[in-house]
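Open the model in your viewer and keep a selection panel at hand. The stops below go from the whole chain to single residues.

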Amino acid sequence: MKKVSVLVATAIVAMGTALTSCGGGSIPSEKLNKAVDSASYALGVSTGASYKENLKNLPGEEIDVDNVIAGFVQAIKGDSLKMTPEAAQRYLNNYFMEAQTREANENKEAGEKFLAENKTKDGVFTTESGLQYQVITEGTGAKPTATDRVKVHYTGTLLDGTKFDSSLDRGEPTVFGVNQVIKGWTEGLQLMPVGSKYIFWIPSELAYGRQGAGRDIKPNSVLKFEVELLEIVKDDAKK
């Protein structure tokens, strides 16, 4: 879980948002007459632009921005507070820890249900580890080993269809070591002859587990990858 110090910065985001909407519109130009006025506003804009996305990353229900703004304004002005800063810190720690645990448990349950249903479908195979795969195109080349480097095209999505990564979108394949990626990839790639295209459904324990990764991959997420194995990279091509 991210440290709550990040959440403090998130509060500043909301404050920056509030500054742009006070009085029902943009800040009146007469409030920016002096250099320090413009610097103050610029600080709010810069901070807000940098941290706005953090609001989307927090576990639990959507944060009430109005209450964030209220707490921030009261604290920065020294007004009477409904809780001390120390109490607020403890509350945030507990609230987000509980929310993250709840979210992780819900994702785990949903992932297990999906995999149980998916493995019964025609053309879907399940390995001993729990990795599931489907052959779209079966190649005729060699299969890589764990110590090989490979060149692949791939697209990764969540079970709800959200795309979180794609070499196709970047316009060029990716090269990496077979044993330098998540466990589901390491196992799955060794099943594929060069020239193959497979779909992998990777259980969370073979992916990013309870930690998740980035903004989109939440704790205990099952991941779906469509992978095309283009080649095993030879030693003279590694440079």
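Colour by secondary structure to begin with: this predicted model contains seven helices and seven strands. Followed from the N terminus, the elements come in the order α-α-α-α-α-β-β-β-β-α-β-α-β-β.

Stay with the whole protein and switch on the surface. About 14,500 Å² is exposed, and carbon and sulfur atoms supply 52% of that area. Of the 239 residues, 32% count as buried. Now show contacts: among those between residues at least 6 apart in sequence, 71% join residues at least 24 apart.

**The largest nonpolar core**

Select Val152, Trp185, Leu189, Ile202 and Val227. Within the largest nonpolar core, which has 24 residues, these five touch the most other members. Next, colour the elements that give two or more residues to this core: strand E3 (149-158), helix H7 (183-189), strand E6 (197-202) and strand E7 (223-233). Which of them gives the most? E7 does, with five residues.

Centre on Leu189 and leave aside its neighbours within four places in sequence. What is Leu189 in contact with? The partners are Pro144, Val150, Val152, Phe176, Val178, Phe200, Val227 and Leu229.

**The second core**

Move to Leu115, Val124, Trp201 and Val222. These belong to a second core of five residues, separate from the other.

**Ser166**

Select strand E4, residues 163-166, where Ser166 lies. Is Ser166 buried or exposed? Ser166 counts as buried because its relative accessibility is 5%, under the 20% cut-off. Show its side chain together with that of Thr155: a polar contact of 3.1 Å joins the two. Then add the backbone of Asp169, whose nitrogen lies 3.2 Å from a polar atom of the Ser166 side chain. Beyond the neighbours within four places in sequence, Ser166 is in contact with Tyr154 and Thr155.

**Asn220**

The last stop is the loop between E6 and E7, where Asn220 is found. Check the backbone torsions at this position: phi of Asn220 is near 65°, a positive value in a residue other than glycine. Most residues other than glycine have a negative phi. Asn220, at 5% relative accessibility, also counts as buried.

Definitions and conventions:
Residues numbered from 1 in each chain as written. Predicted model: local features only at pLDDT ≥ 70, side-chain atom pairs only at ≥ 80, totals over all residues. Heavy atoms only, no water. Core = buried A, V, L, I, M, F, W, Y, C linked by side-chain atoms within 4.5 Å. Buried < 20%, exposed > 50% of the residue type's maximum accessible area, 1.4 Å probe, protein only. Helix = DSSP H or I, 4+ residues; strand = E, 2+ residues; numbered from the N terminus. Contact = heavy atoms within 4.5 Å. Areas by Shrake-Rupley, 256 points an atom, 1.4 Å probe, with all protein chains shown as cover. Polar contact = N/O pair within 3.5 Å; in protein donor to acceptor, adjacent residues only side chain to side chain.
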